[in-house]
Amino acid sequence: MRIGRRLIITLATFAVLTVAIAGALSAHTMFLKLDSFFLEPHSTAAVALINGDFDKSENVITRDRMLDVSVVGPGGTIHPPHSAWTDSAVFHWSPDSVDTAVLSFETGSPGTYVIGVSTAPRVFALTAREFNEYLVHDGIVDAIEQRAAAGKTNDDATERYSKHVKALIQVGDARSAEWSHKLGYPVEFIPLRNPYELGVGDDLRVRFLRAGRPVANQLVYASHDGHHGHDEAGEHVEAVTTRTDADGVAAIPLSGAGRWYVRTIHMVETTAEPEVDYESNWATLTFEVR
């Protein structure tokens, strides 16, 4: 399902806000990414924690921000220590740049593994212009419309945010049931079928959960190697733009081979914390299609 004319009009209304997007504060999406999501059993592997764009990390996630790090496989769940992480410039051309946190871990028996990282919340304050630019840049359309309807477009905003990311990795040839494992993060995607049983032309259906409950009508984006990018205004260009149904399920057409991500930002107004206007929880799911 593609978002229709109303979305196009809404983004066009705010397009003027993106003129200075390159120099303004913009939020970073977080992903778990490997050179290949297909690994050998009983081998050492590395997964990068990308914070910025699917193609490039902008900064290292420090260990104190990691509330949970989990590797779930047929042998059970492990929580790698901080010492399993190093900082690297693996996804940056400059040899002097260190912008990516990299987790080293050992695979075990063949199966479909889940790796997850959940971060502690942070709070930041933005001017109305900065906040609106950020909403446009990351496609948080519902918040744009809600602010406009409430006459708050010109209001400054303080946001409390946290990020919760998962990767599905295929080790060896045998499949296992861990692909559907729930990590219990504030938000997360749960696939309804093992993506390593699917191929180009199939649909991957994922359920989006907030506090363990399905979220209906949540805006979801997805894309893959060779397709993700930005237009001249700085907005994301995605392969898939869709919404969850009444059961919190979104269908992702797997239109090409390569490394894929599914992403969303669940943002709501809040009065739970003094001087905080919005709470957002970011979720991504990464995997590979052959």
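Among contacts in the chain between residues at least 6 apart in sequence, 69% join residues at least 24 apart. Keep that figure in mind as you turn the structure around, and remember that this is a predicted model. The chain has 290 residues, and buried residues make up 55% of them. Its secondary structure comes to 3 helices and 21 strands.

## Helix α2 and an aromatic pair

Let us start with helix α2, which covers residues 128-137. How many of the residues of α2 are buried? The count is 8 of 10, so this helix is mostly covered. The buried residues are Ala128, Phe131, Asn132, Glu133, Tyr134, Leu135, Val136 and His137. After α2 comes Gly139, with a positive phi near 70°.

Tyr134 is a good residue to look at next. Its relative accessibility is 2%, and because the cut-off for buried is under 20%, Tyr134 counts as buried. There are 10 aromatic pairs in the structure. Tyr134 and Trp282 form one that is stacked, with 6.3 Å from centre to centre and 5° between the planes. This pair links distant parts of the chain: Tyr134 sits in α2, while Trp282 belongs to strand β21 (residues 278-289), 148 residues apart. Trp282 has a relative accessibility of 4% and also counts as buried.

Which residues do ring pairs link into a cluster with Tyr134 and Trp282? They are Phe124, Phe131, Tyr161 and Tyr278. Phe131 has already appeared among the buried residues of α2.

## Helix α3 and the cavity

Now move along to helix α3, residues 141-149. Val141, Ala143, Ile144 and Arg147 are buried there. Looking down the axis of α3, you would find these buried residues within an arc of 165°, which means that they line one face of the helix. Just after α3, Gly151 takes a positive phi of about 70°.

Helix α3 also leads us to an empty space. A search of the whole structure finds 1 cavity of 30 Å³ or more. The largest cavity holds about 40 Å³ of space. Which residues line this cavity? The lining is made up of Ala143, Gln146, Arg147, Ala150, Lys152, Glu269 and Tyr278. The largest share, 3 residues, comes from α3. By chemical character, the lining divides into 3 nonpolar, 1 polar and 3 charged residues. Two names in the lining may look familiar: Ala143 and Arg147 are buried residues of α3. Tyr278 is another lining residue, and it belongs to the aromatic cluster as well.

## Residues in loops

Next come some residues in the loops. Glu40 lies in the loop between β2 (38-39) and β3 (44-53). Is Glu40 buried or exposed? With a relative accessible area of 56%, Glu40 is exposed. Leaving out residues up to four places away in sequence, Glu40 touches Thr107 and Val171. Glu40 and Gln170 are 130 residues apart in sequence, yet 8.5 Å apart in space, C-alpha to C-alpha.

Tyr196 is found in the loop between β12 (187-191) and β13 (203-210). With a relative accessible area of 6%, Tyr196 is buried. Not counting residues up to four places away in sequence, Tyr196 touches Phe37, Phe38, Thr112, Leu168, Ile169, Gln170, Arg175, Phe287 and Glu288. One of these partners is Arg175. The C-alpha atoms of Tyr196 and Arg175 are separated by 7.8 Å, and the two residues are 21 residues apart along the chain.

Two further loop residues have a positive phi without being glycine. His42 has a phi near 55°, and for Glu275 the value is about 70°. His42 is in the loop between β2 and β3, which is also where Glu40 lies. Glu275 is in the loop between β20 (258-269) and β21.

Here are four loop residues side by side:

| Residue | Relative accessibility |
|---|---|
| Glu40 | 56%, exposed |
| His42 | 61%, exposed |
| Tyr196 | 6%, buried |
| Glu275 | 72%, exposed |

Terms used
Residues numbered from 1 in each chain as written. Predicted model: local features only at pLDDT ≥ 70, side-chain atom pairs only at ≥ 80, totals over all residues. Heavy atoms only, no water. Buried < 20%, exposed > 50% of the residue type's maximum accessible area, 1.4 Å probe, protein only. Helix = DSSP H or I, 4+ residues; strand = E, 2+ residues; numbered from the N terminus. Arc of directions from axis to C-beta. Contact = heavy atoms within 4.5 Å. 1 Å grid on protein atoms, 1.4 Å probe; cavity = no way out; pocket = protein on both sides within 12 Å on 5 of 7 lines; lining within 4 Å. Points joined across faces, edges and corners; volume = space filled by probe spheres on them. Nonpolar A, V, L, I, M, F, W, Y, C, P; charged D, E, K, R; others polar. Phe/Tyr/Trp six-rings, centres within 6.5 Å; stacked < 30°, edge-to-face > 60°.
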